[in-house]
2 protein chains.
Amino acid sequence: MGSYPSEFNPVTKSLDSKEVEHLNPEDFRAKAHQVVDFIADFYKNIENYPASSQVQPGYLRTRMPQTAPDKPESLDAILKDVENDIIPGITQWVHPNFYGYFPASISSAAFLGEMLCACFNANGFSWVASPALTELEMVVMDWFAVMLRLPKCFMFSGTGGGVVQATTSEAVLVTILGARDRVLSKIGHEHAGKLVVYGSDQAHSMYNKQCKIAGIHPQNIRSIPARLEDEFALSPDTLRKFIEADVEAGLIPLFLCLTVGTTSTTAVDNINDLADLANKYNIWVHVDAAYGGNACICPEYRHFLDGIEKVDSLSLSPHKWLLCYAELCCLYVKNPSCVTNSLRTNPEYLRYKYSETDSVVSYKDWQVGTSRRFSPLRLYFVLRSYGVESLQSHIRSHIQYAITFERLVKSDGRFELVVPRRFSLVCFRLKQLNGYDASYTELLNRKLLEQVNSTGHALLTHSVVGGIYLLRFVVGSTLTEERHVIKTWEVVKELTNAILTEV
Amino acid sequence: MGSYPSEFNPVTKSLDSKEVEHLNPEDFRAKAHQVVDFIADFYKNIENYPASSQVQPGYLRTRMPQTAPDKPESLDAILKDVENDIIPGITQWVHPNFYGYFPASISSAAFLGEMLCACFNANGFSWVASPALTELEMVVMDWFAVMLRLPKCFMFSGTGGGVVQATTSEAVLVTILGARDRVLSKIGHEHAGKLVVYGSDQAHSMYNKQCKIAGIHPQNIRSIPARLEDEFALSPDTLRKFIEADVEAGLIPLFLCLTVGTTSTTAVDNINDLADLANKYNIWVHVDAAYGGNACICPEYRHFLDGIEKVDSLSLSPHKWLLCYAELCCLYVKNPSCVTNSLRTNPEYLRYKYSETDSVVSYKDWQVGTSRRFSPLRLYFVLRSYGVESLQSHIRSHIQYAITFERLVKSDGRFELVVPRRFSLVCFRLKQLNGYDASYTELLNRKLLEQVNSTGHALLTHSVVGGIYLLRFVVGSTLTEERHVIKTWEVVKELTNAILTEV
């Protein structure tokens with residue numbers, strides 16, 4: 001420990017700060033303008049790129065040097081490599097023919113918000129660390145709550161509050177932790193192994209993962225089978241049986257994760273009935289509306305959140321369908337102190353005038369990490385640049401395009417819808433052919449998906465529900481128009497013709 | 001459940017996609033250029049803004065409408081509000097006189113990388129979701145490992161690997177989970193309550209928090225007092241006593257968190273000795289070098305990582321000192337399968353050709369969440385735009401400015417250094433005055449800090465170690481030059497004159 005840097009004899013040259021032009025404003029201006037043009041041209045020409053990348057594993061390592069350069073390289077050189085080496089390996093999530101997973105939508109508005117978020121590079125872990133970050137987030141979370149017609153119990157202007165998390169995973173984790181520590185503070189940590197959590201087998205895979213992270217005994221994580229006859233929604237009767245069996249066995253029901261718009265088929269759990277049941281057992285109810293919740297800004301879809309006043313927390317991700325760029329998930333909690341009691345830190349080096357009072361919100365106590373970016377600025381820019389009505393129109397137009405695709409599927413006797421379309425996802429497949437078995441049907445559908453994606457024209461993904469392999473076609477990319485949907489259906493049909501000819 | 005959106009009769013007007021100009025490339029181009037100029041001007045005029053915000057709690061809510069607008073608003077209107085309402089509430093982390101916490105540094109290079117990260121809005125949860133994201137991250141993590149002279153056991157070109165996390169909190173959480181599940185898979189989850197974790201009381205507050213999140217029994221989280229005579233480093237002898245007592249009590253030592261550059265004083269735990277000790281007990285050793293690790297790209301500071309080959313994982317944050325904008329923390333692990341065994345998900349809807357093989361990395365299994373942004377692009381831009389030598393110069397110049405400040409403090413008999421300066425942090429305070437007690441000394445120092453920050457000229461923060469209240473002066477903001485440091489010292493001196501006159 002005897003060797004301190006102060007003993008080091010610095011090379012004079014290295015101390016000349018002029019050598020490195022960190023952030024000369026005019027240099028910044030020129031280069032940022034150059035990159036704006038690069039991006040505008042990229043968006044303009046996006047349809048010239050394949051929607052799905054066609055590279056093979058390991059493609060990039062062979063094109064890259066093994067070490068970082070010793071000397072500076074020019075922006076032109078870097079952008080050339082971005083164009084030649086990186087872009088070919090990017091699955092184009094911004095492509096109008098990206099219909100996979102749940103699309104992540106973008107907008108000029110959010111891009112500008114992101115530029116300013118980066119510009120300030122301020123850190124909002126506590127109020128004093130940069131007051132505007134905390135205060136704008138509170139305002140915007142309340143604005144968005146009003147758009148969703150959430151009850152006052154989830155708003156700062158009421159008795160609750162909201163926070164931006166990176167993704168639903170983090171949102172669910174902090175709610176499980178709030179629920180866990182609320183119970184353990186009463187019954188003692190030695191009973192942690194008795195806590196049980198519930199969700200349907202259609203809940204996103206992050207539900208199991210976050211429960212395990214929070215230390216829930218893996219044997220106590222219930223994935224309750226949802227059935228085709230319930231349109232893959234969680235059945236209250238089945239849930240009741242699971243809970244009763246656990247209570248009977250001396251276990252402690254802790255947490256229930258419901259979904260409004262499951263990943264495989266956009267199934268919707270009935271919040272009203274399930275929350276009534278859970279509340280009888282003092283179970284924390286969380287609603288994961290990552291994708292479907294965005295549609296609830298339209299009055300005609302708001303009923304999917306009916307009963308929301310009975311739950312403890314709700315999360316939804318404007319980075320999916322509301323044009324915000326990743327990552328931006330909004331979490332609302334009815335009783336923020338449950339979360340902050342679990343996650344609070346109060347080290348001396350972060351204390352200040354208001355830190356020991358309740359007069360300000362400390363968002364570090366609402367999340368896993370300490371530091372936080374000014375991400376809500378993106379949502380602020382979107383809400384103001386669009387206004388509520390345009391955002392509603394945006395959701396409606398995507399659903400209308402999905403209806404178009406649904407009609408096209410229905411019009412072709414070789415195909416069938418696997419479940420009714422509810423939002424902008426169409427789940428479809430080639431029907432089982434006479435004289436062929438289910439596994440052959442799956443093989444044909446797999447082949448169709450692979451061929452669609454290998455054209456580069458469009459990107460679709462798949463799932464399996466109730467043993468049925470299905471193709472997922474989700475409208476959600478910002479640049480998608482009805483013509484893209486129609487053209488993609490033509491590609492699907494042509495490939496189907498070829499595949500069925502070979503049978 | 002009977003009411004489906006397909007029954008809804010959409011208003012024709014709302015289906016006209018032309019109504020909302022989501023991302024017209026020329027509209028995007030014009031607005032993004034406008035915001036580039038806004039930002040370049042902001043950086044140019046940054047010294048006209050106070051370093052520390054002077055607003056009061058609740059200032060923003062009264063200036064904001066209670067709901068989002070129904071109709072679109074113009075970019076000019078929004079930028080005006082950013083200027084008038086938001087910027088006054090921002091503590092300017094990019095200000096050259098920002099010396100608080102650990103500064104978060106920025107650069108033109110990383111800004112351009114962030115613009116492209118946003119542009120693509122691609123999601124790197126698995127290889128197929130956007131191959132370039134996974135592959136570039138692997139390349140850049142190896143590049144950075146070479147710069148840090150990490151052994152091959154932490155590199156993809158060796159037997160380990162690296163991953164970008166948002167912050168150190170997430171990095172530490174995933175390593176605790178890897179350690180936890182490695183042990184519980186052998187001894188059974190019913191012994192979870194016996195697991196014990198160790199860190200010094202100088203470890204960042206996130207250490208306790210992440211251990212609690214992972215379900216470690218709160219009584220089993222050891223915060224071992226570090227002493228002034230050890231320069232606040234964790235003592236191997238003391239650690240040994242704690243471990244022996246726990247083993248004696250039938251508990252199971254699990255995890256040790258070491259720090260290279262603690263938050264309060266940049267103390268450095270001795271990796272070599274402490275890892276030797278921990279390895280005898282099969283304890284997972286993690287090194288948190290969030291701030292200090294960045295200096296280790298310079299050969300003369302690399303010794304702070306001596307012994308790193310003996311630990312299991314290392315994290316450090318280029319978003320602090322290497323110009324990357326938040327959030328970008330690099331985590332290296334020797335045995336990635338420990339982490340991925342704990343965090344792996346494999347839902348049907350994310351399966352693809354390579355997902356059941358080991359031929360590709362799935363970064364979703366290296367982190368808490370599922371989705372992930374293209375953040376490594378910022379580090380890629382920094383490494384290429386600067387080159388290794390310029391980045392070393394950058395670190396050295398900041399340390400040299402800190403040495404300047406240290407000399408100024410030493411030259412004034414009213415002040416003292418509380419601990420030796422090691423990196424770019426100077427811990428100092430007004431000495432105890434003859435005839436006054438320790439608490440009065442603290443009061444004077446608190447007053448000095450408050451007055452410095454309330455001038456708006458500069459921002460400093462504080463800590464308390466070994467009962468001593470100290471002021472922290474960290475050089476780390478991109479725009480800081482030696483003249484800023486000298487001027488800030490003059491401000492400190494003048495305020496001190498006034499304060500001591502009043503005594």
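The following dialogue examines how certain terms are applied to this predicted model.

Reader: What makes the model's numbering and values definite?

Author: Residues are numbered from 1 along each chain as its sequence is written, chains are lettered from A and ligands numbered from 1 in the order in which they are written. In this predicted model local features need pLDDT of at least 70, side-chain atom pairs count only at pLDDT 80 or more, and totals for chains, interfaces and linings use all residues, while side-chain values use heavy atoms and leave out hydrogens and water.

Reader: What is the average pLDDT of chain A, and where is the pLDDT below 50?

Author: pLDDT is the predictor's confidence in each residue, from 0 to 100. Chain A averages 95, and 96% of the residues score at least 70. Over residues 1–18 of chain A, however, the pLDDT is below 50. That stretch has 29 contacts in the model beyond near neighbours in sequence, a contact being heavy atoms within 4.5 Å. Where pLDDT is low, the predicted coordinates should not be read in detail.

Reader: Why are β1 and β3 of chain B called edge strands?

Author: Strands are DSSP runs (E, at least two residues), as helices are (H or I, at least four), and both are numbered from the N terminus. Two strands pair if DSSP finds at least two bridges between them. The open sheet of chain B has seven strands in the order β1-β7-β6-β5-β4-β2-β3, with mixed pairing. In this sheet β1 (161–165) and β3 (221–224) each pair on one side only, and are therefore its edge strands.

Reader: How do you know that β5 and β6 of chain B pair?

Author: Strand β5 (residues 284–288) and strand β6 (residues 313–316) of chain B share three bridges in the parallel sense. The definition asks for at least two, so the two strands pair. B:Asp288 has B:Ser315 of β6(B) as its bridge partner.

Reader: Which strands of chain B does helix α4 touch?

Author: Helix α4 (residues 131–147) of chain B packs on the sheet and touches β1, β6 and β7 (329–333). The direction of α4 makes about 85° with that of β7(B); axes are lines fitted to C-alpha atoms, for helices over the stretch in contact, and angles run from 0 to 180 degrees between N-to-C directions.

Reader: What is the strand order of the four-stranded sheet in chain A?

Author: The order is β8-β9-β11-β10, the sheet is open and the pairing antiparallel. Its edge strands are β8 (415–417) and β10 (461–465) of chain A. Three bridges join β8(A) to strand β9 (residues 425–430), and A:Leu417 stands opposite A:Phe428 in β9(A). Helix α13 (residues 438–455) of chain A lies across β8, β9, β10 and β11 (468–474), whereas helix α14 (residues 482–502) lies across β8, β9 and β11.

Reader: What makes B:Arg29 and A:Asp41 a salt bridge?

Author: A salt bridge is a side-chain nitrogen of Lys or Arg within 4 Å of a carboxyl oxygen of Asp or Glu. The N to O distance here is 2.7 Å, so the pair satisfies the rule. Across the interface of chain B and chain A, 14 salt bridges are found. Helix α1 (residues 25–44) gives the most to the side of chain B that touches chain A, with 18 residues.

Reader: How much area is buried between chain B and chain A?

Author: About 15900 Å² is buried, of which carbon and sulfur atoms give 63%. Buried area is the accessible area (1.4 Å probe) that two parts lose on being put together, summed over both. In this interface, 182 residues of chain B are in contact with 182 residues of chain A.

Reader: Why is the bond from A:Ala326 to A:Glu327 singled out?

Author: Most residues other than glycine have a negative phi, and most peptide bonds are trans. The bond from A:Ala326 to A:Glu327 is cis, with omega near 0°, and A:Glu327 lies in the loop between α9 (318–321) and β7 (329–333) of chain A. A:Tyr101 has a positive phi of about 40° although it is not a glycine.
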